[in-house]
Amino acid sequence: MASNFSSVPILDWSLTTSPDRKPEFLAQLRHALINVGFLYLSNPPVARADIDAVVDYAPRLFDLPQAAKDKLLMANSEHFLGYSKLGAEITKGRTDQREQYDFATPYEARWKPGEPEYLRLWGPSQWPDEELLPGFKETFLRYLAQVEKLSYEFIGLLAEAFGLPKEIMKGFYEPDGPTPHRAKVVKYPPLDDLESNQGVGPHFDGGFLTFLLQASPHPGLQVQNLSGAWIDAPPIPGTFVVNIGKALETVTQGLARATSHRVLSPPKGSTPRYSIPFFQNIAQRITVKDIKLEFSPEILQLKEQRGEVGATDSVNYTEYGLLPTGQVNLIGRVKSHPDVAERHYPDLFKQFFPHGLPAQGSAY
């Protein structure tokens, strides 16, 4: 390999506020994007009080009575938003050992009969009752708004790091309204009562960018380097973990790397691991290959210097560049949550699960 990594680099957001130091940040960002696909972002412009508050809320979400959680089951939502019980999600054909909630930034469903089915994917979240978790919805939406703003600023810096105008990426978002983004609050129980240590199996993220708040001190996140080895990305206080999605890799002709990653369950005798990822979406109707970004020969040469990426354990989101983004994302949700798909998208469900719902842990 011409280039490889054995750790995830740490970038300091505060450098972007100094005209003298910003070029240093852009150089570090360019290296991380091309050669790693993951980075830690320290000193992010998100209120510390709101970060602390959502971290405090995370275990309380899962301590709600089971009946209250079941009211929010994802199967109720054609938007794949809501609560998923332990073992309800599948990655690479095997059951993930995690319990989770999926939320989104505010959005009212706009789909109308006759429009593409994938437009049904966007819509409002399901929220726990205010009296059961006072202040959670308000706090979490305030947190999401700040991370959303950060994500747009970050994508502009990414363009600059590749020698492009920072405004050029705006063409990938919805032109006539907000682009809703997704988030999760995830609980990974320890191995005591589990048959598998797959917190979540090897996968790529879709969309453009992920901003992960590791909300407890547990290790478990691992990223796969260019030669296929798994590298730990343990929690670092005061940081987000940022990684590249498959859509952004496709748009940048492979310059920005979507890196395979996974989460291992906490060991026996441990406490649960919590994480809060934010996923930046792009417009649903576009096919990313239809928008060409022009990079200089000097920038493209950096990809050549990286060398070829070795085999990875992740295979999802290969449809970017072939299908509209919304269809790619819908396919990903159908594969991950077949129970939701069976109820709301029966034709797609039959396409990917012709023999019916898979047994937990089985391959499809």
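These questions and answers cover helix packing, the nonpolar core and the sheet of a predicted model.

Residues are numbered from 1 along each chain as its sequence is written, and side-chain values use heavy atoms, with hydrogens and water left out. In this predicted model, local features need pLDDT of at least 70 and side-chain atom pairs count only at pLDDT 80 or more, while totals for chains, interfaces and linings use all residues.

Me: At what angle do helix α1 and helix α4 pack?
Reply: Helices here are DSSP runs (H or I, at least four residues; strands are E, at least two), numbered from the N terminus. Helix α1 covers residues 22–35 and helix α4 residues 136–161, with their axes 9 Å apart. Axes are lines fitted to C-alpha atoms, for helices over the stretch in contact, and angles run from 0 to 180 degrees between N-to-C directions. The angle is about 85°.

Me: Which element gives the most to the largest nonpolar core?
Reply: A nonpolar core is a set of buried (under 20% relative accessible area, 1.4 Å probe, protein chains only) Ala, Val, Leu, Ile, Met, Phe, Trp, Tyr and Cys residues joined through side-chain atoms within 4.5 Å. The largest one has 70 residues, and Tyr143 is among those with the most contacts inside it. With 12 residues, the element that gives the most is α4.

Me: Which strands are the edge strands of the open sheet?
Reply: The sheet has 8 strands in the order β1-β2-β12-β9-β14-β7-β6-β3, with mixed pairing. Two strands pair if DSSP finds at least two bridges between them. Pairing on one side only are the edge strands, β1 (10–12) and β3 (82–84).

How values were computed:
Buried means under 20% relative accessible area, exposed over 50%, partly exposed in between (1.4 Å probe, protein chains only).
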